[in-house]
Every structure is written in structure tokens, then in C-alpha cells.
Amino acid sequence: MVKSFLTACALLFAFATSAPAAEKFPSHPITVVVPFSAGGPSDAMMRILGERMKVTLGEAVLIENTTGAGGSIGVGRVVHSPPDGYTIGFGHLGTHVANGAIYKLNYDLVTDLEPVVLLPSNPMIVVSKNAVPAKTLPDLLGWLKSRPQPATAGTAGAGSASHVAGLAFEAASGVKLQFVPYRGTGPAMNDLVGGQIDVIIDQTSNSINQVRAGTIRAYAIADSKRVAQAQEIPTTDEAGLPAFHMTLWSGLWAPKGTPRDAITRINAAVLDALHDPATRKQLENLGLEMPPADKSTPEALGAWQKAEIAKWWPIIKAAHVTVD
Ligand code: MLT
């Protein structure tokens, strides 16, 4: 009897000392897939956050730009990645809502992904190349309507935020635009500054430094309130197009089945970054708005995404967007 008890203790001790301790997450760098070009608004926001997240996580946050098809290729890369927390994806209204109403995706935006955290949002802005003979939004609308051919509008591809905003701008203004797809609004901005395209219905964070530098012209912020860091730019309400409001929300998602512990750690690292004064200042300086505190959980992002799908899919499907 005593002999079997001692044997059992010995076995238990052997097991306790041999079983590897639950591996601390993360134990090596995390990759964030940004589905748009480097240098654009999504990339800029994620790089600023990543610099601070690595302090909380104790591991580097690597940015991988996997672009194309309005961001749906980058999202697919995340869906098909191992659900271990080491590959997650940046996204927004375009990639995690609109694309589901436009592309035949080989994944489901809700059931194949785990929401991690809501990120800062970005009011959209109407900007043009400097050569456009207009100083106000009514002048711009007059010029756009007077043209024999539709003006060219840079986007990050069908379904991207700049495309969805372009569709909403057309619906609100009655103007028709010729959309010119890029792999991100970073390269589209280069062509706007160069005068190769006429306008972008852009994210404020992507345009604000070019507007400050005087290399492009801004007409209105698509919101009811001005952007604190660009008080000189009127709202669409003030500029005569009150029907056009759009603020782009963004988030992080992980592959379906990613351990809860990993999601919780990444969520906490983002919240730490958003509360870090230096990081927050960098983000706000781009015109970004911090997400509401009551929407900081993974569940809150999941619920918000579902609500936005219910709101936007009928609108986008009604626009009969075709993709080659
Ligand atoms: C980008 O980072 O290029 C944008 O998020 C693209 C877009 O959706 O307009």
C-alpha cells in the first residue's frame, strides 16, 4: 500500500517537472498583416501602434503589407494563417464589411475571424490636386459637374474605404466619378500630388500632412464637427453637402480559433498604446479619433462589425459594384 502511494507520488512529481510550463504569449514577434500599401493611412496607424505595443508585449510587432483586391487578399492571408496569435490582421469598414458585399470571398468575414480590438477612427475628407480651378466645395462640385468626362478619383480598389466613400460622395452630390484603383491610398496620394488624378475621398490621416504642406487642396471634412488638428477645413455641413458624412473605423482581427489568452494580451497591448500620451499625440496629430472606452473589448468589435454589415451591405449591393 505504502509502496504504491510512493510510486504514485514519484510519477506525479516526474510529470509535474517534465510537463512544459504553459508558454508565455508572445514568445516571439507578432506579425500584423496590413492589407494596403506601405506609407498609406492603415500602414501609418499600425506602425505607430506597433511601436508602443512591443513595449507591453515584450516582443516586436512586424508589419507585413499584403495588398490587392480592396484589401481582401491581405485579409485572406490572416484567415488562412495558424490560429496561434502570431499572425493577426488590420482592417476597417472596407475590408471587413464592404468587401463581403462586393467580392466572392473564399472566407467568411464574421465566422472565419476573431475580433481583437477596435482602433482609432478617421473622418473622411474631400481633397483634389492643386490644379483644380476651385477653392470651395460648391466650386468643386460645379467643376466636377461641368466636365465632359467624369473626373478621376483615386481609390485603394473596389470595396476599400476610399471607394465606399467615393460611392457615398456620388450619391450625396449627384456627381459621377471615374474610380482609379491603387493598392492603397498611399500611392494614390503620390499621383494626386503629381496631378495625375483629380480627387480622392480620402482618410484625413492620409491627407492632413499634404494639406498642411500645400501640395493638395482640401474642401471639407465628411462630418458634423471639424477636425481639431485642421480647424481651417470646414465640415460638409458648413460647406453645403450635409448629406455626406463618413467616419472610417478600423480594427484588428485574428484567425478563427486563436487562443483567448493571445487575443486578451494583444487587446491589452493596444489599449496601453492608446493610453500612452506620446502614442496618442502621434495618432491625434493625424486627425485620428480614439475609440470609445465602452467599445474596447473583442466582443464590442464583433458586435459593431455585425451592425455595420447589416447597415452597409444593402447600400453597397444597390450600387452594383463590379470587380474584374
Ligand atoms: C490604405 O491604407 O491605403 C487605406 O486604408 C485604403 C482604403 O481603404 O481606402
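How far is an oxygen atom of the ligand from an N or O atom in the side chain of glutamine 203? The legends below, which describe a predicted model, begin with the whole chain and then turn to this contact and to other details.

**Figure 1. Overview of the chain in the predicted model.** The chain contains 12 helices and 9 strands. Along the principal axes, its C-alpha atoms fill a box of roughly 100 × 40 × 30 Å. Of the 324 residues in the chain, 54% are buried.

**Figure 2. Polar contacts of the ligand with three side chains, those of histidine 92, serine 162 and glutamine 203.** In the side chain of glutamine 203, an N or O atom lies 2.9 Å from an oxygen atom of the ligand, which settles the opening question. For serine 162, the distance between a side-chain N or O atom and an oxygen atom of the ligand is 2.7 Å. Histidine 92 places a polar side-chain atom 2.9 Å from an oxygen atom of the ligand. The ligand taken alone exposes 270 Å², and the protein buries 100% of that area.

**Figure 3. The shell of residues around the ligand.** The ligand is surrounded by Phe36, Pro41, Ser42, His92, Ala156, Ser160, Ala161, Ser162, Gly184, Thr185 and Gln203. Two helices, α2 (41–57) and α6 (161–173), each supply at least two residues of this shell. Sorted by class, the shell has 4 nonpolar and 7 polar residues, and no charged residues. The space that the ligand takes is the largest cavity.

**Figure 4. The cis peptide bond between phenylalanine 25 and proline 26.** The omega angle of this bond is about -5°. Proline 26 belongs to the loop between helix α1 (2–18) and strand β1 (30–34).

**Figure 5. Alanine 69, a residue with a positive phi.** Which value does phi take at alanine 69? The angle is about 50°, although this residue is not a glycine. Alanine 69 is found in the loop that runs between strand β2 (61–65) and helix α3 (72–79). Is alanine 69 buried, partly exposed or exposed? Its relative accessibility is 32%. A residue is called buried under 20% and exposed over 50%, so alanine 69 counts as partly exposed.

Definitions and conventions
Residues numbered from 1 in each chain as written. Predicted model: local features only at pLDDT ≥ 70, side-chain atom pairs only at ≥ 80, totals over all residues. Heavy atoms only, no water. Near = heavy atom within 4 Å. Polar contact = N/O pair within 3.5 Å; in protein donor to acceptor, adjacent residues only side chain to side chain. Areas by Shrake-Rupley, 256 points an atom, 1.4 Å probe, with all protein chains shown as cover. 1 Å grid on protein atoms, 1.4 Å probe; cavity = no way out; pocket = protein on both sides within 12 Å on 5 of 7 lines; lining within 4 Å. Sits in = over half its atoms within 2 Å of the grid points. Helix = DSSP H or I, 4+ residues; strand = E, 2+ residues; numbered from the N terminus. Nonpolar A, V, L, I, M, F, W, Y, C, P; charged D, E, K, R; others polar. Buried < 20%, exposed > 50% of the residue type's maximum accessible area, 1.4 Å probe, protein only.
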